[in-house]
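Student: Please choose one part of this protein and take me through it closely, with what lies around it. I would like one connected account, with the cut-offs behind each term.

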Amino acid sequence: MLWKNSWFQIAFFTGGLLVIDSGPNPLFSQSNPTPPTTPAYTPPATPSASSTPPVTPPTPTPATPIGPQAGQTWTNSLGMVFKPVPGTSVLFNQYDTTVQDYRAFVQATGREQPGGIYAIKVKDKGAGSHSLAWDLNPNLSWSKPGFDQGPTHPVVGVSWNDAIAFCEWLTQKERAEGKLGQKQMYRLPTDSEWSAAAGVGKYPWGDAWPPPAGGANYADEAYAASMPGTGWPHIPGNDGYPRTSPVGSFAANRYGLYDMGGNVWQWCMDWYQASMNSAEVRAGYPAFNKDGGGHTYKVLRGGSWRNMTPAGFAVGYHEIDVPGGPDVPAGRRDRSGFRVVVVIAAP
Ligand SMILES: [Ca+2]
């Protein structure tokens with residue numbers, strides 16, 4: 001029995017190992033093994049039009065247009081507001097360029113304007129008689145024109161070349177900032193663009209003469225009262241400003257532009273040609289018959305705080321002056337400023 005016990009023990013031990021190491025063993029199971037269940041065949045889902053999400057091509061995001069757009073009011077980096085003018089492809093600054101606009105240019109570029117500016121000076125002719133004459137005053141400049149100006153007054157004492165330099169500086173500045181497209185630019189209005197912006201009235205404020213109350217800043221009773229002596233010619237009425245007035249102080253014209261008549265003369269791009277002024281105007285002002293061949297004088301439009309004649313304020317009237325230069329005072333006067341336009345898409 002011993003050998004049987006030994007065999008049994010070995011066999012049992014061996015079986016124990018199987019049980020322990022292999023888990024349930026069919027040799028020692030008391031029930032029949034369950035056959036593996038074959039999973040029912042399920043065909044793969046057939047793709048259908050209804051179950052397949054539609055493939056939608058990505059919608060391109062429209063690029064945000066850069067800079068001013070046709071027919072839309074636009075504000076630039078200096079806060080200057082530009083408005084469309086029918087019949088032109090540019091937007092007009094609603095105001096003349098202000099002292100604070102020009103100061104930003106001078107501070108950024110360090111542009112100096114040596115030599116002073118021309119200012120109207122009263123000359124005492126004796127016996128109570130006085131006259132007016134242009135006087136080149138070396139102590140005056142755009143920032144000190146001989147009368148008080150706040151930051152929103154139109155800049156004066158700037159030549160045509162100064163105005164062009166302002167436009168070029170602002171163009172480069174805003175192209176670099178991404179504010180202006182690479183084919184957009186600032187410049188002065190052409191003579192014909194300025195005419196379009198002035199509208200169809202006889203004067204920038206309409207057909208009325210004298211200018212209606214609140215119509216413009218001209219040589220009024222306030223102007224006359226500021227001059228030594230008495231009896232200075234002026235337009236009846238008092239607009240409240242003996243010299244320049246803050247831009248926007250008077251009514252806008254039909255296109256939302258302010259001070260298109262009065263306040264300061266506005267430089268235009270064009271060289272003056274005698275034919276720009278009517279024969280009637282040239283008869284009254286013979287100097288306008290000389291244009292130096294068309295490359296001597298630049299055109300100014302609109303009249304200023306020191307004008308008092310209907311002819312000078314008429315839309316068709318073209319003032320003239322030499323364009324000046326960076327280092328010469330020529331063309332810098334205490335009545336002359338400028339308005340800029342922005343070209344939406346230069347060729
Ligand atoms: Ca005035």
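**A close look at helix H3**

Tutor: Of the 347 residues of the protein chain, 36% count as buried, a residue being called buried if 20 or more other C-beta atoms, placed from the backbone, lie within 10 Å of its own, exposed if 12 or fewer do, and partly exposed in between. The model is predicted, and local features need a pLDDT of at least 70, side-chain atom pairs count only at pLDDT 80 or more, and totals for chains, interfaces and linings use all residues. Residues are numbered from 1 along each chain as its sequence is written.

The protein chain has seven helices and 11 strands, which are DSSP runs numbered from the N terminus, helices being H or I with at least four residues and strands E with at least two. Helix H3 covers residues 160–176, and because its 17 residues at 1.5 Å a residue should span 24 Å, the 25 Å between its end C-alpha atoms agrees with expectation; the expected span is 1.5 Å times one less than the number of residues. Just after H3, glycine 178 takes a positive phi of about 75°.

The buried residues of H3 are Trp160, Asn161, Asp162, Ala163, Phe166, Cys167, Leu170 and Glu174, and they pack against helix H2 (99–109), strand S6 (185–187), S7, S8 and S10, where a contact requires C-beta atoms, placed from the backbone, within 7 Å of each other.

H3 also belongs to the largest nonpolar core, which has 55 residues and in which Phe92, Ala163 and Val342 have the most contacts; such a core is a set of buried Ala, Val, Leu, Ile, Met, Phe, Trp, Tyr and Cys residues joined through C-beta atoms within 7 Å. Strand S3 (90–93), H2, H3, S6, H4, S7, S8 and strand S11 (341–343) each supply at least two residues of this core, and H3 gives the most, with five. Phenylalanine 92, leaving aside residues up to four places away in sequence, touches Phe82, Lys83, Val85, Pro189, Ala197, Leu257, Arg339 and Val341.

Three of the strands packed against H3, namely S7, S8 and S10, lie in an open sheet of four strands with the order S9-S8-S7-S10 and mixed pairing, two strands being paired if DSSP finds at least two bridges between them. Strand S9 (319–321) and strand S10 (336–338) are its edge strands, each pairing on one side only. Neighbouring strands of this sheet are turned by 50° against each other on average, direction ignored; axes are lines fitted to C-alpha atoms, for helices over the stretch in contact, and angles run from 0 to 180 degrees between N-to-C directions. Helix H4 (residues 191–198) packs on this sheet too, touching S7 and strand S8 (298–301), and its direction makes about 140° with that of S7. Strand S7 (residues 265–271) pairs with S10 in the parallel sense over three bridges, and glutamine 266 stands opposite glycine 337 in S10.

S6, another strand against which H3 packs, belongs to an open sheet of five strands with the order S1-S2-S3-S11-S6 and antiparallel pairing. Strand S1 (74–75) and S6 stand at the edges with a single partner strand each, so one side of each is left without a neighbour in the sheet.

Notes. Two residues are in contact if their C-beta atoms, placed from the backbone, lie within 7 Å.
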